[in-house]
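Here is a short tour of a protein chain and its ligand, written for someone who likes to have the model open while reading. Take a moment to turn it around before you start.

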Amino acid sequence: SERTLVLVKPDGVKRGLVGEVISRIERKGLTLAQLELRTVERSVAEEHYAEHKDKPFFGELVDFITSGPLVAIAVEGTRAISAFRQLAGGTDPVEKATPGTIRGDFALEVQYNLVHGSDSAESAERELKLWFPN
Ligand code: ATP
């Protein structure tokens, strides 16, 4: 069993899709180990997205992630990292995510793609320490 960090980003919270996302996680057979609704400081968002700091969309991405409350979840289960990536669908909700995935079913724009999920064991470890230090 492993753990992954899932975020329901501010667009997902504003649109009332927290229950939908949690329901899909649970129905897949994964479990919720920790969960918190919070609005993050820029420093946390910048550290979370450090790998994108030189991208042209970095400023906008940090503005968006800090724009309102989000839900951070430590999700646990067998192959939890790739299992959640499968539930989420590809980064681009139209070109990459397929119907049946969270992004494929509910999103249109890359920036407003509703959820984040750690993309590797290394990222999961780093991100879980950042979001759930205890
Ligand atoms: P996440 O890390 O949120 O799970 P991802 O791993 O699918 O997403 P990344 O390529 O790591 O995708 O990009 C991280 C996030 O940055 C995306 O989820 C999206 O919100 C935002 N993003 C990526 N590319 C763009 C872009 N071209 N314009 C605006 N925002 C973008």
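## The fold at a glance

The chain holds seven helices and four strands. Following the sequence from start to end, these elements come in the pattern β-α-α-β-α-α-β-α-α-β-α. Please keep in mind that this is a predicted model. The mean pLDDT of the chain is 98, with 100% of its residues at 70 or more. For the complex, the predictor reports an ipTM of 0.89 and a pTM of 0.96.

How does the overall size fit a compact globule? A compact globule of 134 residues would have a radius of gyration near 14 Å, and the chain, at 14 Å, agrees with that. Along the principal axes, the C-alpha atoms fill a box of roughly 35 × 35 × 25 Å. Of the 134 residues, 35% count as buried. Contacts also reach across the sequence: taking those between residues at least 6 apart, 69% join residues at least 24 apart.

## Around the ligand

Which residues surround the ligand? They are Phe57, Leu61, Thr91, Val110, Gln111, Asn113, His116, Gly117 and Asp119. By type, this shell divides into three nonpolar residues, five polar ones and one charged one.

UniProt, in an unreviewed entry, lists Lys9, Phe57, Arg85, Thr91, Arg103 and Asn113 under "binding site". The "active site" annotation, also from an unreviewed UniProt entry, covers His116.

## Four residues to look at

Let us go through some positions one by one, beginning with the annotated histidine. His116 is found in strand β4. Leaving out residues up to four places away in sequence, His116 touches Val6, Leu7 and Lys9.

Lys9 sits in the loop between β1 (2–8) and α1 (10–14). Beyond its neighbours within four places in sequence, Lys9 is in contact with Ile65, Leu70, Leu114, Val115 and His116.

Asn113 belongs to the loop between α6 (102–106) and β4 (115–117). Its contacts, again without neighbours within four places in sequence, are Thr91, Pro93, Arg103 and Ala107. Among these, Thr91 and Arg103 are also on the UniProt "binding site" list.

Val40 is placed in the loop between β2 (31–38) and α3 (42–48). With neighbours within four places in sequence set aside, Val40 is in contact with Ala45, Ile65, Thr66 and Leu70. Ala121 lies 81 residues from Val40 along the chain, and the C-alpha atoms of the two are separated by 23 Å.

## Buried or exposed?

A residue counts as buried when 20 or more other C-beta atoms lie within 10 Å of its own. Here is how the four residues come out.

| Residue | Other C-beta atoms within 10 Å | Class |
|---|---|---|
| Lys9 | 22 C-beta atoms | buried |
| Val40 | 21 C-beta atoms | buried |
| Asn113 | 24 C-beta atoms | buried |
| His116 | 22 C-beta atoms | buried |

Why does Lys9 count as buried? Lys9 has 22 C-beta neighbours inside 10 Å, and therefore counts as buried. The reasoning for Asn113 runs along similar lines, because 24 other C-beta atoms lie within 10 Å of Asn113.

## Putting it together

To find your way back to the ligand, start at Asn113 and His116, which both belong to its surroundings. From His116, step across to Lys9, one of its contacts. From Lys9, you can go on to Ile65 and Leu70, and these two residues are also among the contacts of Val40.

Terms used
Residues are numbered from 1 along each chain as its sequence is written. This is a predicted model: local features need pLDDT of at least 70, side-chain atom pairs count only at pLDDT 80 or more; totals for chains, interfaces and linings use all residues. A residue is near a molecule or strand if its C-beta atom, placed from the backbone, lies within 6 Å of it. Ala, Val, Leu, Ile, Met, Phe, Trp, Tyr, Cys and Pro count as nonpolar, Asp, Glu, Lys and Arg as charged, and the others, Gly among them, as polar. pLDDT is the predictor's confidence in each residue, from 0 to 100. Helices (H or I, at least four residues) and strands (E, at least two) are DSSP runs, numbered from the N terminus. The radius of gyration is taken over C-alpha atoms; the globule rule is 2.2 Å times the number of residues to the power 0.38. A residue is buried if 20 or more other C-beta atoms lie within 10 Å of its own, exposed if 12 or fewer, and partly exposed in between; C-beta atoms are placed from the backbone. Two residues are in contact if their C-beta atoms, placed from the backbone, lie within 7 Å. UniProt positions are given in the numbering used here, feature names are shortened, and annotations may be inferred rather than shown by experiment.
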